[in-house]
Amino acid sequence: MRKVRRALFSNGGASGGGANSIGSQNGSPSRAAPPVQLDTDLEANISRIRSDLASSPDLIVRKFTLQTGQKLPVAAIYLDSIINKELVNEFVMKSLMSPFLPEMPDGDGSPEAAFQYICDNALAIGQIEVIDNWTSMLLELLTGKTIVLVNGWDQCICGNTIGGETRAVTEASTQVVIRGPKDSFTEAIATNIALVRRRIRSPKFGFETIKIGAVTQTSVAMLYIEGIAKDEIVQEVRTRLGKINTDAILESGYIEEFIEDNWNSPFPTVFNTERPDVIAANLLEGRIAILVDGTPFALVVPTIFAQFFAAAEDYYQRYDIGTFIRLLRYVAFVISLFGPAFYIALTTFHQEMLPTALLINLSGSREGVPFPAIIEAFSMEISFEILREAGVRMPRAVGQTVSIVGALVLGEAAVQAGIVSPIMVIVVAITAIANFSIPAYNMAITARLLRFLFMLAAGFLGFYGIVLGMIMMIGHMNALRSIGVSFLSPLVPLKYKQMKDIFVRLPHWSIRDRPDDTAEDTVRMPPGQQPQQ
């Protein structure tokens, strides 16, 4: 009976964190057929590895003889482009080839004993794993781990030597704050988990991993705090991740589309962020975080509408300043959504609502414009969207300059040519600036998309069309769910105790309870935490 030690120590690797793996490795080729065992012949295994990896130039096969009193052929195999060379050289190669290794027991020179000896004495690396099937061995090799094979034995030792060139931890590019932590996630999932664990030093914090993608075999981690997150939500997320069966996962946006409740809604029901402190705060409210290897953007579920207007800095500033800025964001969202639509409705159907002086000035400015207000607004909005997209896709050195100059030149030229009125340029500019005030980029895109629908409604029915569109939008939002949680919670259903951190941000000592939609343990702090008067 084989008695080979399987040692798994979590030292920063992407697998094996604080909990079990999520089901099976979904999308793995091993699902279609039973696992293939390794060959006992060392040369046969090496030849097959070279064949399966199409003789990749970065495949390194280092053969040597184990110097422990028994001459036994051994090979260390790794991909040079994705390993930590220092780990391989110091803790694998140097350990196996050291002349100071203790002698093996006399009279026991079998491959099994040599394999057991390497596991127990000859590898100075923190995390090792014994693998006995071909598919798992290839997957670990392609992850960046080092494989050790012994001639005459049908198992291999897998050492955690994941490395390669990675981006350093830098400041977040999409969610910048003035006061608060400046670190952000990177493309390495192990680094991202470490950034979260550094903030939550609790034995209850754990994560589960799964490989998704039959071709890419992307590592996906599900993070939660046991005892705070609801078991049914954790199980639901685990089930949805386990059902994903596709060939590739290249970014967390792939996962988002697979697990969201309403795929045909313009409103995002999965929150994303690249800030570890935001992930830690959401985990402490009972939510689940999903990290994907290869992208700095993490997902958070369940998601409610208010999350998209709460920035991390709201909780680092004083509560009155945070409340004012948050209310300002809601106002900006309304302007971004309805600004052009209100202009179209006023100039086309409801001129009597304007003061006489303003109406005269407005009529004078539009006197030479040959198009109706809806065509004027559509042309300007589409032009600005093209300029914004061009500014994003252009090289960084010229992108901002071209977009700003283009907007100024085109706007001025359009007014001088009599194509649009000056007030229309002002409306479009205010709407665009308001859109940039929304902290969540995916919610800002939703406002940009719905803006055109409200413009059409205002062009045909005026304010009646805007009100009808608002009723339909709110009804649609009321029907949305995120992992079973209402998108408009705690407004629908109405929960007064949870309104302390929705439109306003009350002092930390007054927010004693977690949201009961996501948290099993809703007690955040005991009573009596109010500061002395």
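**Exercise 1. Work out whether I483 is buried or exposed, and describe its backbone.**

Solution. Begin with the surface: in this predicted model, I483 has a relative accessibility of 9%. The cut-off for a buried residue is under 20% relative accessible area, so I483 counts as buried. Next, place the residue in the chain, where I483 is found in the loop between β11 (481–482) and β12. Finally, turn to the backbone, where I483 has a positive phi of about 55° although it is not a glycine.

**Exercise 2. Carry out the analysis of Exercise 1 for Q217, and state in which loop Q217 lies.**

Solution. The loop that holds Q217 is the one between β6 (205–212) and β7 (218–225). The phi of Q217 is near 50°, which is a positive value in a residue other than glycine. With a relative accessible area of 13%, Q217 is buried. A further positive phi, near 110°, belongs to G213 in the hairpin of β6 and β7, which has five residues between the strands.

**Exercise 3. Explain why β7 can be called largely enclosed, and find its partner strands.**

Solution. First, count the buried residues: eight of the eight residues of β7 are buried, so the strand is largely enclosed by the rest of the structure. Second, sort the side chains by direction, remembering that in a regular strand the side chains alternate between the two faces of the sheet. In β7, T218, V220, M222 and Y224 point one way, S219, A221, L223 and I225 point the other way, and all are buried. Third, look for the partners of β7. Strand β6 runs antiparallel to β7 and is joined to it by eight bridges, with F207 having L223 as its bridge partner in β7. Strand β9 (residues 288–292) also pairs with β7 in the antiparallel sense, over four bridges, and here A221 stands opposite L291.

**Exercise 4. Describe the two faces of strand β3 (residues 128–131) and the pairing of this strand.**

Solution. On one side of β3 are I128 and V130, on the other are E129 and I131, and all of these are buried, so that both faces are covered. For the pairing, β3 runs antiparallel to strand β5 (residues 156–159), and four bridges join the two. Within this pairing, E129 stands opposite C158 in β5.

**Exercise 5. Decide how the buried residues are arranged around helix α11 (residues 373–393).**

Solution. Start with the length of the helix: α11 has 21 residues and reaches 30 Å from its first C-alpha to its last, close to the 30 Å expected at 1.5 Å a residue. Then list its buried residues, which are A373, I374, E376, A377, M380, E381, E385, L387 and R388. These residues cover an arc of only 165° around the axis, which puts them on the same side of α11. On the other side of the helix, I386 and R393 are exposed.

As a further step, ask which residues of this helix V428 touches. V428 is found in helix α13 (residues 422–436), and with a relative accessible area of 4% it is buried. Leaving aside neighbours within four places in sequence, V428 is in contact with M380, E381 and F384. In sequence V428 and M380 are 48 residues apart, while in space the distance from C-alpha to C-alpha is 7.1 Å.

**Exercise 6. Describe the surroundings of S489, and then find which peptide bonds are cis at P302 and P493.**

Solution. S489 is found in the segment after β12 (485–486), and at 4% relative accessibility it counts as buried. Not counting residues up to four places away in sequence, S489 touches I304 and D517. The side chains of S489 and D517 are joined by a polar contact of 2.3 Å.

P493 also lies in the segment after β12, and the peptide bond from V492 to P493 is cis, with omega near -5°. P302 has its place in the loop between β10 (298–301) and α9 (319–348), and the cis peptide bond that joins V301 and P302 has an omega of about -10°.

How values were computed:
Residues are numbered from 1 along each chain as its sequence is written. This is a predicted model: local features need pLDDT of at least 70, side-chain atom pairs count only at pLDDT 80 or more; totals for chains, interfaces and linings use all residues. Side-chain values use heavy atoms; hydrogens and water are left out. Buried means under 20% relative accessible area, exposed over 50%, partly exposed in between (1.4 Å probe, protein chains only). Two strands pair if DSSP finds at least two bridges between them. A polar contact is a pair of N or O atoms within 3.5 Å; within protein, one must be able to donate a hydrogen and the other to accept it, and residues adjacent in sequence count only if both atoms are side-chain atoms. Contact means heavy atoms within 4.5 Å. The expected span of a helix is 1.5 Å times one less than its number of residues. The arc is that of the directions from the helix axis to the C-beta atoms.
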